[in-house]
Amino acid sequence: MEQIQITTPGIKKALKRYQIPNAIAEYVWNGFDAQATAVEIFIDSNEINHINKFSVKDDGYGIPYDELELKFKPFFQSEKEIDPDIGREISTVHGKNGVGRLTFFKFARYAKWDTV
């Protein structure tokens, strides 16, 4: 079977129902789903309140380097939904639709993830 390809326009269409606050909340919840005890939001804006940089930092368990492709390539799929034991010991898991990592399309031209 051939690989299915999803493009930027397809992602944007799938995210139509998301508003910017909901999109940002996805990143906060991703931190808590990763057992973070602290999630920080940083906003760098200029004198006319144009946001130059926006970042979310948490102390969650991160993403192992060798699993990056598994985390970012699947669309509409999340291991949180596939494996019901992931993250269940702390609270209800919020990120389970496989689109949260892509919601930056609602408020930015590109995104960069750093994991440790």
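1. A patch, as the word is used in this note, is made of residues with over 30% relative accessible area and no salt bridge, and nonpolar side chains are joined into a patch when they lie within 5 Å. In this predicted model, I41, I43 and I51 form such a nonpolar patch on the surface, and together they have about 280 Å² of accessible area. I41 belongs to strand β1. With a relative accessible area of 44%, I41 is partly exposed, and this value is over the 30% that a patch requires.

2. The general plan of the protein chain may be stated next. The chain has 4 helices and 2 strands, and along the sequence these elements follow the pattern α-α-β-β-α-α. Of its 116 residues, 25% count as buried. The chain exposes about 8900 Å², of which carbon and sulfur atoms supply 53%. Among the contacts between residues at least 6 apart in sequence, 54% join residues at least 24 apart.

3. The two strands deserve a separate comment. Strand β1 covers residues 39-45 and strand β2 covers residues 51-58; the two pair in the antiparallel sense over 7 bridges. One of the residues to inspect is S45, whose bridge partner in β2 is I51. I51 is also a member of the nonpolar patch described above. When viewing the strands, the student should recall that in a regular strand the side chains alternate between the two faces of the sheet.

4. The hairpin of β1 and β2 has 5 residues between the strands. N49 lies in this loop and has a positive phi of about 65 degrees, although N49 is not a glycine. Is N49 buried or exposed? N49 is exposed, because its relative accessible area is 62% and the cut-off for exposed is over 50%.

5. Helix α2 covers residues 20-33. What span should the 14 residues of α2 have at 1.5 Å a residue? The expected value is 20 Å, and the end C-alpha atoms of α2 are 20 Å apart, so the two agree. The buried residues of α2 are A23, I24, E26, Y27, V28, G31 and D33. A general point helps in reading such a list: an α-helix has 3.6 residues a turn, so residues three or four places apart point the same way.

6. D33 is found in α2 and has a relative accessible area of 3%; D33 is therefore buried, as the cut-off is under 20%. Which distance separates D33 and G60 in space? From C-alpha to C-alpha they are 8.0 Å apart, while in sequence they are 27 residues apart.

7. After α2 comes Q35, which is found in the loop between α2 and β1. The phi of Q35 is near 65 degrees, a positive value in a residue other than glycine. At 34% relative accessibility, Q35 counts as partly exposed.

8. The last point concerns D114, which is placed in the segment after α4 (79-82). D114 counts as exposed because its relative accessibility is 64%. D114 and G62 are 52 residues apart in sequence, and their C-alpha atoms are 8.8 Å apart in space.

How values were computed
Residues numbered from 1 in each chain as written. Predicted model: local features only at pLDDT ≥ 70, side-chain atom pairs only at ≥ 80, totals over all residues. Heavy atoms only, no water. Buried < 20%, exposed > 50% of the residue type's maximum accessible area, 1.4 Å probe, protein only. Pairing = 2+ DSSP bridges. Patch = residues over 30% accessible without salt bridge, like charges linked within 9 Å, V, L, I, M, F, W, Y side chains within 5 Å. Areas by Shrake-Rupley, 256 points an atom, 1.4 Å probe, with all protein chains shown as cover. Salt bridge = Lys/Arg side-chain N within 4 Å of Asp/Glu carboxyl O. Contact = heavy atoms within 4.5 Å. Expected span 1.5 Å × (residues − 1).
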